[in-house]
Structures are given as structure tokens and as C-alpha cells.
Amino acid sequence: MAAPPSTRPPSTGSPGVLSRAATGVVAVLLVLGVGELLAAATDPDASPFFAVGGTTVDRAPAWAREFAIGTFGTADKPALFVGMSVLLAVCAVVAGLIERPRRPYGGALLAALGAVGVYAALHRPEATATAAIPTVIAVVVGMLFLQFAIRALWTPRGGEDPASPNPDRRRFLVVLGAGVAVAVVAGAVGRYLADRLAVVLEDRDRFRVPLAADAAPAIPPGADLTTGPRAVPGATAFVTTNRDFYRIDTALQVPRLTTADWRLRIHGMVDRETTLTWDDLAAFETVERLVTLTCVSNEVGGDLAGNARWTGYRIADILDRVGVHPDADMLLSTSVDGFTVGTPVEVLRDGRDALLAVAMNGEPLPLQHGYPARQVVPGLYGYVSATKWVVDWELTRFDRAEAYWTRRGWAAKGPIRTASRIDVPARSARLTAGPVVVAGTAWAQHRGIDRIEVRVDGGPWQEAEPATEYSVDTWRQWRWVWDASPGDHTLEVRAVDGTGAIQDEQRRPPVPDGATGLHSRTVTVVA
Ligand SMILES: Nc1nc2c(c(=O)[nH]1)N[C@H]1C(S)=C(S)[C@@H](COP(=O)(O)O)O[C@H]1N2
Ligand SMILES: [Mo]
């Protein structure tokens, strides 16, 4: 008897070349798509594909560059991307062909490509260690996919017929399709976010910082310990650069808001509900001030404080325009990302320079610091005053509303506590006996710093030399010359604020309303 005709082709023992190659290609697409999305959401310079491209351009030897420009002209960058894509496609096909169930050779190839991406991302200008994260996660996703899909290709359907190990085509196609879908969606969303960022960056480039009708007083010589003939090496600069300014917020992705899209809706207990557009701001007087910001989470001796030149509009002027009800005691401000802050209305209207700021140190606000508009209120910790990307003001009451951090255990009101810090000599410094310059900074925003005192090994307090005071809203530097004797010594500092109150010496953690205690530094002096 003749055998019945087989409906299935006999098993060849290994799935088709095309399917395996396709699996490799989809795995690489996933790496690119996921990498693009994660980079766009965190750090656009960390995109594996574009980091490799950028690093190739930067590292290309002169002859290669000459050749590329000579051959492709202004299309040298598209040519680079095409070249990279061809190379990637070849690697993708190879990865698919060499991957085996439980033997992820193709995955190893993806990891090797990923290593190149990580290297490139870490070597972009201004890159930090986190630039590696998008590539690492994307490669892991790609490797898992590759192994999963290849297993679908090799595993017999349900395993019920071990004699004919035919792959489950349908399951394989579903896995492959899902991979393509995720790669495409991730890539598209990633590109959208990246374009959105480009739009905001262009908007920021076009933005001209308004000239201040009421400019900040000049910084007197002697306010800054880092300049002048008596400059102290290692001291903290009086004005913090935008790059060095601490950053604290809850935003996983920095909000991307253009001046055209920006609105400030003012509502609640007001006479006239108003929505301000960017152009409406021009009606208010432009003010420029130096103000020191501090985070409530700053530990004793910590660096979550910075001093910048802010340009903007008086919050009080804007509040006057809408007419605040007398029983409203809280300005509940909301960021475009939903973060909320509750600020006492009284503080905003007591004459201090509470600003809706649009510029920082003469530049439009950096995206991370609240572009296009944020609040700056002298004397209050950031969590109760300094709303970045602010788009909504509700006039309300502290007994009706609760802001983001208050709901999470922090105090409803947060005046800044008097603090002082030793910056020089450095931690665990080894010094030579004799005169040693000790220096640092101290702050008590809106009360000012009157006096700074230093003591050695718990001895008597000795008055340090304060730098020239700029204003009660900025920090004040100080220096003290110590006649150091050999041995291990502990230096401590304390400040006296403008009301004559001595800094609180009792050690308390930052929660719920700011750390207290003295900053100390232990140093070794050798003969
Ligand atoms: N939108 C938004 N604004 C915010 C925050 C935030 O998480 N989201 N954090 C606040 C806190 S706690 C501080 S200390 C300051 C820090 O401002 P900076 O990042 O510009 O230094 O921003 C404040 N404004
Ligand atoms: Mo903060």
C-alpha cells in the first residue's frame, strides 16, 4: 500500500532561513525603537542610533571626512545613516540566523552592538552615566525577543508529535507581528517626542530675554569669594551657573512647553478670572533680581542651594490685576506636569521680590529649570514656592487645599531655615600647620545673614569675616583664617540671621520642614 500523501512538508530539522533572518531584523528594529523612545523620554543625546552616528562623525579621521564630503556632499549625514542601517541590517540577519533555543548567539551579537551604542552614548558631549540606560534596556528587550521568537520557530506545536517537529507557524507570526508593532509604535512615539523637543528648543532659541525696567543691583566687589585679589581657591561662586544649579523635581520627562502653548490660568477666589498668554506678560513691569533658592531636602552641609539672577514679573502685580479675595490665603500653583505647590498669599504680597521668572542668569529658563515660566520666591523652600513650568494659579485656602509634598508628609509652610556651610578646606583635607583659610557660605533668605562664627574642636566661637552682603535674599560667603596646629581637628560653623537669631544647632532631618544642626568638617593638619 502506498503511504497517504503528506499534508505537511517533512521536517528538515531546522526552520527556514527567511523566518530566522526576519526574526533578527525585528529584534534589531525593537532595539532601535525602544532605544529611541527611552532616549526621547529621558535624554535625547542617549539615542543609541544617533549617538553612534554622532560619535562616528566626531571621531572620523580627516581623510574619512574628506572622502564622505567629497563623495556625498551635503548628503554626507544621510549617507552615514544609510551606511549604518545597511551594517545593522546585515548584523540583524546574522543575529537571527545564529540564534538557537537556549543558545543566544544572536543575542550576544546584539549585546556587542549594544556595547558600541553604550560607548557612543557615554561619549557624547555632556553625557552622564545615565546615558547608557536607554541602550542597555533596549538591547535586553531585543535579546529577550530574539530568544522568544526563535523558540517559537523551533518548538514543535504543543510538543504532541515529537516525530515531526514542525514549528508553530501561527504562533511565530504572532510573535513576529507583535515585535514589529512594538518597534514601530515605540520608534514613532520616540521620534514624536524628539521632534516636540526640537520645537521647544527652537522656541527657546528665539526667545529674547526681556530687558529689565527694574534691574538687579550690581554685585559689589567683595561679595564673591571666587574673584578678586583675595579669591579663595575652592570657594563657592556667588552666582551659580545654570549648568551647576541643582535640579529637583518629580518630572520623569522634562515638560516640553513652548511660549506659544503656555497659558497661566488664574482662578478661584479672585474678582476676575483671567488666562494670561505669553504676550500678556509684556504688560507687567520686568524685574531682575538675584535670589538664592534652597531645597527643603538639603541635608546640613548639602549643596541643594543655588543663587541665580532671575528676570520676570512680580507675582504681586499679577495678583493685583485679578483681584484676590481677602480670605484667600494660599496660591495653589500647578505645573503643566500636574505637580502642585501651596504658597502663602501674604508672603507673595509683602513686598519681597516674588517673581514669575522667565529667565535665569540672562538666558531663557533652561528646560529643566521650568521653561518657559516658573516661580521664584525669596525666603521659602522650593517645594512651597518655586513651581516650574507653571500654568495654573488657583487662589484658595490652606484649610481647603493641600499641595503635592504636603500630602506626602511635608509641612504646609516652609520658610527657609538659617544654614551655614564649610566649603574650604575640602572634606578630609590634609593641611600644613600655620595659617589656613577656612571659607564657606551661609543663608537665611529674606532675613539675611549678620554674622558667621567658626569654632575648632568645640572651643569658643570666633567671628569669621563675612563677604560683602548683596541682599537679604541671597546667600553670604565668609572666610576665616585659622592658625592650624598639627593633629586631627573638627571645624564647625554657625550663622546669625538678620533678626539676631542664632542658627538652630539641634540635629533634625529634612522632613518635615528642613534640616537643622551645625555643619562640621574634620581635617588633618601635619607639621
Ligand atoms: N513642576 C515642578 N516644580 C518644582 C518641583 C517639581 O517637582 N515640579 N520641585 C520644587 C522643588 S522641591 C525645588 S527645591 C525647586 C528646585 O528648582 P530647581 O530644580 O530649578 O533648582 O523646584 C520646585 N519646583
Ligand atoms: Mo525641594
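The second largest pocket of this predicted model is lined by 30 residues, of which Phe49, Val52, Thr56, Leu80 and Met84 lie nearest its centre. A pocket here is an open set of points on a 1 Å grid over the protein atoms alone, with protein on both sides within 12 Å along at least five of seven lines, and a lining residue has an atom within 4 Å of a point. The space in this second largest pocket comes to about 710 Å³, where a volume is the space filled by probe spheres set on grid points that are joined across faces, edges and corners. Its lining takes at least two residues from each of α1, α2, α3 (62-72), α4 (76-98), α5 (105-122) and α6, and α4 supplies the largest share, nine residues. These helices are DSSP runs of H or I with at least four residues, while strands are runs of E with at least two, and both are numbered from the N terminus.

Residues are numbered from 1 along each chain as its sequence is written, and chains are lettered from A and ligands numbered from 1 in the order in which they are written. Because the model is predicted, local features need pLDDT of at least 70 and side-chain atom pairs count only at pLDDT 80 or more, while totals for chains, interfaces and linings use all residues; side-chain values use heavy atoms, with hydrogens and water left out.

The largest pocket holds about 1600 Å³ of space, and among its 41 lining residues Asp43, Pro44, Asp45, Glu126 and Gln368 are closest to its centre. Two or more residues of this lining come from each of α1 (17-41), α2 (48-59), α6 (133-154) and α7 (169-206), with α7 giving the most, six residues. The chain is divided into domain 1 (17-203), domain 2 (263-408) and domain 3 (419-526), with bounds that come from an automatic or database domain assignment. Domain 1 and domain 2 each give at least three residues to the lining of the largest pocket, whereas the C-alpha centres of domain 1 and domain 3 lie 53 Å apart.

A cavity, unlike a pocket, is a set of points where a 1.4 Å probe fits but cannot get out, and the model has one cavity of 30 Å³ or more. The largest cavity has a volume of about 140 Å³, and its 18 lining residues include Asn298, Glu299, Val300, Ala419 and Ala515, which lie nearest its centre. Strand β11 (residues 419-424) provides the largest share of that lining, three residues. Domain 2 and domain 3 both give residues to the lining, so the largest cavity lies between them.

The table sets out the linings by class, with Ala, Val, Leu, Ile, Met, Phe, Trp, Tyr, Cys and Pro counted as nonpolar, Asp, Glu, Lys and Arg as charged, and the others, Gly among them, as polar.

| Lining | Nonpolar | Polar | Charged |
|---|---|---|---|
| Largest pocket | 22 residues | eight residues | 11 residues |
| Second largest pocket | 22 residues | five residues | three residues |
| Largest cavity | seven residues | eight residues | three residues |

Around ligand 1 there are 18 residues, of which Tyr246, Thr250, His369, Arg374 and Lys388 come nearest, a residue being near if one of its heavy atoms lies within 4 Å. An oxygen atom of ligand 1 is 2.5 Å from an N or O atom in the side chain of Lys388, and an oxygen atom of ligand 1 is 2.6 Å from an N or O atom in the side chain of His369.

Technical notes. A polar contact is a pair of N or O atoms within 3.5 Å; within protein, one must be able to donate a hydrogen and the other to accept it, and residues adjacent in sequence count only if both atoms are side-chain atoms.
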